[in-house]
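Please look over the sequence and the model below before reading on. The text then walks through a few parts of the fold.

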Amino acid sequence: MASSPSVSLTVLGPVRGWRGEAEIPFRPPQARAVLAVLLTRVGRPVTLAELVDVVWGPSAPNTAANAVHGYVSTLRKLLEPGLPARDPGRWLIRGSGGYQFDDSAGRVDLVEFRRLVARARAPRDATDMVDSYQRALRLWTGPIAGNIDPAVRSHAAFQEIDRECRQAARDAADAALAAGQAAALLDAIHTIAEWDVLDESMQARLILLLKAAGRQAQALDRYDLVRRTLADELGVDPGAELSAAHREALRPAGVARPGPAPSPIRPAQLPADLPLFTGRTTDLAQAKSVTSGGFAAWPLLTVAGMAGVGKTTLAVHLAHEVADRFPDGQLFVNLRGFDPGGAVTDPADALRGFLEAFGVTAANVPRTMDAMVTLYRSLLADRRVLVLLDNARDAEQVRPLLPGSRGCLAIVTSRTALSGLVVTHGARPLTLGALTAAEASDLLASRLGADRVAAEPAAVEQIIRCCGGLPLALAVVAARAATDPDRSFTDIAAALAAAHGRLDAFAGDEAATDVRAVFSWSYRALSDEAARLFRLVGAVRVGPDVGLSAVARLAGTDVQRVRPLLAELVRTNLLGRSAAERYTTHDLLAAFASETADATDTPGDRRAALQRLLDHYRRTALAAHGVYLPNRAVPAAGPVPAPGPDDPADRDAAVSWFTTERSTLLQAVRAAADNGFPTHAWQIMWSATPFLHRSGHWDDRLTGSRIALAAAESTGDPAATAAIRMDLGLVATELGLHDEADEQLLRAVELFAAAGDHTSQAEAYRRLSYLRELQDRYADALGYVTEALRLQEATGNRPDVARSLNHAAWIHVLDREPALAIDKGERALAIFQDIGHVNGQASTWDTLGHAHHKLGDYPRARECYLASLRLRREEGTRVYEADVLHRLGDNHHAAGEPAEAHAHWRQALVIMSEIGHPGTDEVRTKLTAG
């Protein structure tokens, strides 16, 4: 009797199988997904619950378990045709509450991959080692389980295999370099590197292999491609590993190679731990008990208590103690839930910050909250990350920021109990009360010395009572006492008692009047200049913290004079440092400062201080804009502020300043508009707009531009109003607010025309054309871009002329007039080629390809698409590369070339699936239908 044909299965790429030479049609898709999970755990049991979780996630129907049994039965019949009913066969073994895939009866690529990698890593001949790696990497043909649903592939089961393969590829490249056999693995690493241009570690190894293989020019070209891709897609510069590879590629032959590059940096955002943390023994033990069985059981801890009770200090201390259990990073955000100025952190802003911490450029952050939450939780799904959410207002502010992975830990602090999180998320609550007398005494002893505290127990007891057992108040007392070591605790207690009741307590705040007295006593000991600065910093706040230069301008002095005053405030614990040369103040102290300012300074004093601070932000924002986008003139009728000594000197400095001050600038715009400084409001916003747009902070831009428009209109400056209207029109278009975009852009055209500013008028027309195109109003779109083109040709602006020509050609194609697109497209291409504009060339080749395709000239369309594809790949713009591949597949399909069509569609689908492209389902449908 003839033996059955052998069976081979793959998961290191598409999930496929063959019986002999015949491919096994694994359908339906859910059965293929079940098989993919079993293949990733080949030789090990997978529980039924895990199979249901991977394939359906939280939306699993009640019938999911029965469905899994059905899919397993289907797979058995596909793997072994003719298998008798109820016969489990040789492959899928039932047991351990689920199923196990037994590879002993055939070949699974993952098993072979692991065998070859293990052979390569064992001590042996270098040639055999490199050969084993080479054979292993040939088995990895694309994204793991690349032909199953992307939502399923995002599960940790597949991400683990992807990490395993990537590590093997990195080890292989390192081994080939060490063995002097770079050429042997160059093709394999090159192929893997093409799948993800943003994987800096893999790109660095490819560059080193190219250099070692004698292809220095290609190595440098590759670095330039990756550098531009990082800048365009993530808005970041190359990291340490990639930069080190670049330096090696630049090094002449024969010069020794440096040691291994440092590992990529993971987020480490925790504030510094308090070096003298004392007390809270019971509370800390209770918090740690949450983690006693690992964090899988209780991934959420809430820490509640009144202001100043030490919630943040305890949470930060706990986080540092367990941080080593979370090797993939630690995230932190101050949600400012009870900020005296009302500047509560929007959860969307916090999410954007978290996503950017993991390398997601702001331009690629989704627009909706739901999409941001999905991306955030997907990023954390296969990571062990600690998330500390400080000073939350309520459960609703917190929920979007909670990880979905049970391998992560979230710690939330709040003045409220957040009982909703206990009900909905199984949070473990911890409520902090005042320190016990013993703990408070230990706190003072740790800061002032045990002998000094023990010498006056009665006075210490009175001080603790005055402080209400609050750590913040005790810290202020300790800081003040440390500056006067000869003063007795008896004198300090008497001074606190005398200060009690001098000023009203905080209205509606939990702090006792005794705590208010503590602040008053410490404040009166300040020098006059430091006391004035304390009032200003606390009372005139437009952001979460403030930089050194801004503090100096706020005080009306220079940096040299303000430094010692800040040092005095920090020493007395009335001011804190949030970062190098950036300062912040506790909410209670800010409220105290504002109340004291009301009682001490005139309204004119405070308004003058606010104007000085806004002057600083306006001048620095304009200066930063000037080096960030130097050819964009300020639309102002009057003079702009003169440069200052600490203005950003170059583009990198400007990006750094805008990044640091982003949240503060938006609040400064609002403060300027609300307090009668309209020119400051619109100029600060206008200056920040290019950075906000290119970094993807469109929501900030929309909010700020709306405020800036009202401010500009109030000044009666038509140039400023037109500029802000055009900015607002563009961001409204991008966010799908078409009615608002239409109103703003039409009015901008009128204002620019009245002012005779034809360059800006043309740009407004082009933005209107783009808006009409998105609305499928092609005749109107063509009319507006034609008007833009007329004005641009009159001014001789060749890049803008080319852009408008290509835009007009694209509209012709969309409007089913492809013949009219050819001439405009070729004219645009000639200009772009003449001025060396690569992005414009790639875009125009794509337009021409689409036009020739619509005309039925498939060979010429193919030539155009391939020209565009080559440039898109050089640029590393994967979203446009996927679009061209999609259209190239359509072109082959229309030409009667199904194999070529499917090949290009598959390439497009790989990229689209990885980046969440909106055309993913369309391409997948074409492949399935074919």
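The paragraphs below go from the whole chain to a small sheet, two helix pairs and a single strand residue.

The model is a predicted one. Its protein chain holds 42 helices and 15 strands. Of the 930 residues in the chain, 52% are buried. Among contacts between residues at least 6 apart in sequence, 66% join residues at least 24 apart.

The sheet comes next. Strands of a sheet pair through backbone hydrogen bonds, either parallel or antiparallel. Here three strands form an open sheet, with the order S13-S15-S14 and antiparallel pairing. Strand S13, residues 546-547, and strand S14, residues 576-579, are the edge strands, and each of them pairs on one side only. Strand S15 covers residues 582-584 and is joined to S13 by two bridges, the two strands running antiparallel. Within this pairing, Gly547 stands opposite Arg582 of S15.

Tyr583 gives a closer view of strand S15, where this residue is placed. Is Tyr583 buried or exposed? Tyr583 has a relative accessible area of 6%, and it counts as buried because that value is under the cut-off of 20%. Tyr583 and Gly547 lie 36 residues apart in sequence, yet their C-alpha atoms are 6.4 Å apart in space. Leaving aside residues up to four places away in sequence, Tyr583 touches Asp545, Val546, Leu566, Val570, Leu575, Gly576, Arg577 and Ser578.

The helix pairs can be read in a common way. Two packed helices are described by the angle between their axes and the distance between the axes. Helix H24 spans residues 528-539 and helix H26 spans residues 559-571; their axes come within 9 Å and cross at roughly 80°. How are H24 and H26 oriented to each other? The two helices are roughly perpendicular, because the crossing angle falls in the range of 65 to 115 degrees. On the H24 side the contact is made by Glu529, Ala530, Leu533 and Phe534, which meet Arg561, Val562, Leu565, Leu566, Glu568 and Leu569 in H26. The residues of this contact divide into seven nonpolar, no polar and three charged. Leu566 of H26 is thus named in the contact with H24, and Leu566 is also among the residues that Tyr583 touches.

A second helix pair is found further along the chain. Helix H36, residues 798-814, and helix H37, residues 818-835, have axes that come within 8 Å and cross at roughly 155°. H36 and H37 are therefore roughly antiparallel to each other, since the angle is over 145 degrees. Their crossing is left-handed. From H36, the residues in contact are Arg798, Pro799, Val801, Ala802, Arg803, Leu805, Asn806, Ala808, Ala809, His812 and Val813, and from H37 they are Pro818, Leu820, Ala821, Lys824, Gly825, Arg827, Ala828, Ile831, Phe832, Asp834 and Ile835. By type, the residues of the contact of H36 with H37 comprise 14 nonpolar, three polar and five charged.

The last stop is Ile93, placed in strand S5, which covers residues 92-95. Ile93 has a relative accessible area of 35% and is partly exposed, because that value lies between the cut-offs of 20% and 50%. The C-alpha atoms of Ile93 and Arg76 are separated by 10.0 Å, with the two residues 17 apart along the chain. Not counting residues up to four places away in sequence, Ile93 touches Gly98, Tyr99, Gln100 and Asp102.

Notes: Residues are numbered from 1 along each chain as its sequence is written. This is a predicted model: local features need pLDDT of at least 70, side-chain atom pairs count only at pLDDT 80 or more; totals for chains, interfaces and linings use all residues. Side-chain values use heavy atoms; hydrogens and water are left out. Two strands pair if DSSP finds at least two bridges between them. Helices (H or I, at least four residues) and strands (E, at least two) are DSSP runs, numbered from the N terminus. Axes are lines fitted to C-alpha atoms, for helices over the stretch in contact, and angles run from 0 to 180 degrees between N-to-C directions. Angles under 35 degrees count as roughly parallel, over 145 as roughly antiparallel, 65 to 115 as roughly perpendicular and the rest as oblique. A crossing is left-handed if the near helix is turned anticlockwise from the far one by less than a right angle, and right-handed if clockwise. Contact means heavy atoms within 4.5 Å. Ala, Val, Leu, Ile, Met, Phe, Trp, Tyr, Cys and Pro count as nonpolar, Asp, Glu, Lys and Arg as charged, and the others, Gly among them, as polar. Buried means under 20% relative accessible area, exposed over 50%, partly exposed in between (1.4 Å probe, protein chains only).
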